[in-house]
Amino acid sequence: MALLSIDNLSIRFGGVQALSDIALEVQSQQIVTIIGPNGSGKTTLFNCISAVYRPQLGRILFYGEDLLSLATHRVAQRGVARTFQNLRLFMHMTVLDNLLLGRHIKFNKNPWHAVFRLRKEEIKHRRVVEELIDFLQLEAYRKTRVSDCPYGVQKIAELGRALALEPKLLMLDEPFSGLTAEEKHEVAYLIHEIRGRFKPAILLVEHDLRLASTLADTMVALVSGKKVAMGSPPAVLNAPEVVSAYIGGA
Amino acid sequence: MDLIESYAQDLQLMRKTWTKVWVMGVIVTLAMLPWFASEHAVYLATLVAMYTIGVQGQNLLIGYTGQISFGQAGFLCVGAYSFGHLSRMGVPWPLALPAAGLITALFGVVVGFPSLRLKGPYLAVATLGFGIAVYQIFVNSTLLSGGRMGLAVTKLSPLWGLSSVNLSYYLNFGVALLFTLATYNIVSSYLGRAFVAIRDNDIAAEIMGVDLARYKLLVFAVSSFYLGVQAGLYALLLGYLEPNMFTFSETITFLVAGIVGGLASVEGAMLGAAFVVVVPFVFSGLKQAVPALFGTAVILVLLFEPGGLAGCWAKTRAYFRQWPFR
Ligand SMILES: Nc1ncnc2c1ncn2[C@@H]1O[C@H](COP(=O)(O)OP(=O)(O)O)[C@@H](O)[C@H]1O
Ligand SMILES: [Mg+2]
């Protein structure tokens, strides 16, 4: 059974058909990258999977369960985590607290422990988060407020927050955008490492076709909300619809 | 040199020896206040301690969770009258006090429901409606409000050789200390993180698995509990209640305390409470000037130090920590 299987997914905003009849499967531990010009519906697809948007048609099965029937916060509990195209960090919290919030669903949440300062649970999750901080090399920023961190660090902190949830499916929306060439390489290497170490399936949206194709097992191309190609990276990059969308400036 | 050897150590309430020393110093000084201060000063300190409780509660809701509420006076009214009626039914104050808190918390949950749909100014208006409705209901119901003479509440009687002024002081000081400790503990736990996450980015919080409805209602309940307990102490201290004690201007006093003290800061709540108690006292001969002073203070804070008194305090400490290397 596929980890994630999307069927017949369609969503429209007023007159804009943002996605039409999308079908997609992601196997566990697979990296699927989604490419497509601006406005082709990539972020909308992520928003449907994480239950921010409610599509008019279609099914999104995760381990066979329909995510569309769940409240937004329950999708996280099933093991889906994501980052955002325009960062959505908790700007006034430290990097450490952002990552700890990523552990929210793993906490044994007893309000009395909070009130009486019983900190066993906090220490347990702090250990897990410190390992992540090591892995992502965020030590220097541990207690820095996110709003005081450089953009590159913020991007990695957001990745860390998603990883803290121990996702089965990790969705990364343009993880390279806004980064310098050097930082891009670091993040590409990190994604590779994440796959080896935490073994999630990864859905990745990327503009940079070269980066997207080096990381992908499977590639999906969206144009104006329609899936125009899916398959191995070279096949997708050479598909006539993809070529015309990127070169023809559709 | 600040060396941390374990995560448990990093999670202590007070980590540095120096902090422990001066905080203990302050607490001991406050505990001995009746020995060296005038009765009037002790009474003022009683009010500061009492207001600390409610402002702390308001701060959890507005400062930490970002749910702007104008319902403080309404919650105080519910809490004070709950305490008053319970006490008239013969419930001893040590029971009536938490009960008043719990009843107010229940109202907090109900008032919190609009927060599941409304944000910012819209939520503020909805909670304002609650405050006004409570006032109107009490003004128009002699059964609830105790009528023209107000509702008489039995005051604390002297105990263990302590005068009633000193006894009230110790009661309010002790309860304020408990609530302040609880607040420190809450904001540094998973609960506090969930609250701040909702304030900073509710969509991200929800996607990370935070159940927005649950935590919003919880923070409304907790903050109303604080307000209810403060109101119970208020009834116990004054010995009588009338609806006019709970008009919108009481809400404004709380908001001034929150903003001038500094939002999302436990120390800020204490400093803000002290501000709104001490300023009217200092200017007691010039009552008309107090609202203008409050307004000016809020504007100055918003313009020059959004962190409020707590922000000034933090900057001063940072300055001395790094002195003379600056
Ligand atoms: N909340 C929304 N309301 C209205 N239109 C939207 C909304 N979200 C996305 N869209 C529209 O859907 C289309 C796809 O957008 P998006 O998924 O952000 O594209 P991409 O991420 O591929 O650049 C765009 O035309 C966009 O304007
Ligand atoms: Mg996008």
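A:Gln85 is partly exposed, with a relative accessible area of 26%. In this predicted model, the OE1 atom of A:Gln85 is one of the donors to the magnesium ion (ligand 2). Chain A also packs against chain B, with 38 residues of chain A in contact with 31 residues of chain B.

**Magnesium site**

- The magnesium ion (ligand 2) is coordinated by A:Thr43 through OG1 and by A:Gln85 through OE1, at 2.0 to 2.1 Å.
- These two residues are 42 residues apart and link distant parts of the chain.
- A:Thr43 sits in helix 1 (residues 42–49) of chain A, while A:Gln85 belongs to the loop between strand 6 (80–82) and helix 3 (95–101) of chain A.
- A:Thr43 has a relative accessibility of 24% and so counts as partly exposed.
- A:Gln85 falls in the partly exposed class because its value of 26% lies between the 20% limit for buried and the 50% limit for exposed.

**Interface of chain A and chain B: area**

- About 3100 Å² is buried between chain A and chain B, and carbon and sulfur atoms give 63% of this area.
- A:His73, A:His104 and A:Arg117 supply 20% of the area that chain A buries against chain B, more than any other three residues.

**Interface of chain A and chain B: polar and charged pairs**

- The interface of chain A and chain B holds 2 salt bridges.
- A salt bridge joins the side chains of A:Asp97 and B:Arg193, with an N to O distance of 3.8 Å.
- There are 11 residue pairs in polar contact across the interface, counting pairs with both residues at pLDDT 80 or more.

**Interface of chain A and chain B: the side of chain A**

- Helix 2 (72–77), strand 6, helix 3, helix 4 (111–115), helix 5 (120–136) and helix 6 (151–164) of chain A are the elements that give two or more residues to the side touching chain B.
- Helix 5 of chain A provides the largest share of that side, 5 residues.
- The side of chain A that touches chain B comprises 19 nonpolar, 7 polar and 12 charged residues.

**A buried glutamine in chain B**

- B:Gln56 is part of helix 4 (residues 39–64) of chain B.
- The relative accessible area of B:Gln56 is 1%, under the 20% limit, so B:Gln56 counts as buried.
- Leaving out residues up to four places away in sequence, B:Gln56 touches B:Thr180, B:Thr183, B:Tyr226, B:Val266, B:Ala269 and B:Met270.

Note on methods
Residues numbered from 1 in each chain as written. Chains lettered and ligands numbered in written order. Predicted model: local features only at pLDDT ≥ 70, side-chain atom pairs only at ≥ 80, totals over all residues. Heavy atoms only, no water. Donors = N, O, S within 2.8 Å, 3.2 Å for Na, K, Ca; no water. Helix = DSSP H or I, 4+ residues; strand = E, 2+ residues; numbered from the N terminus. Buried < 20%, exposed > 50% of the residue type's maximum accessible area, 1.4 Å probe, protein only. Contact = heavy atoms within 4.5 Å. Buried area = accessible area lost by both parts, 1.4 Å probe. Salt bridge = Lys/Arg side-chain N within 4 Å of Asp/Glu carboxyl O. Polar contact = N/O pair within 3.5 Å; in protein donor to acceptor, adjacent residues only side chain to side chain. Nonpolar A, V, L, I, M, F, W, Y, C, P; charged D, E, K, R; others polar.
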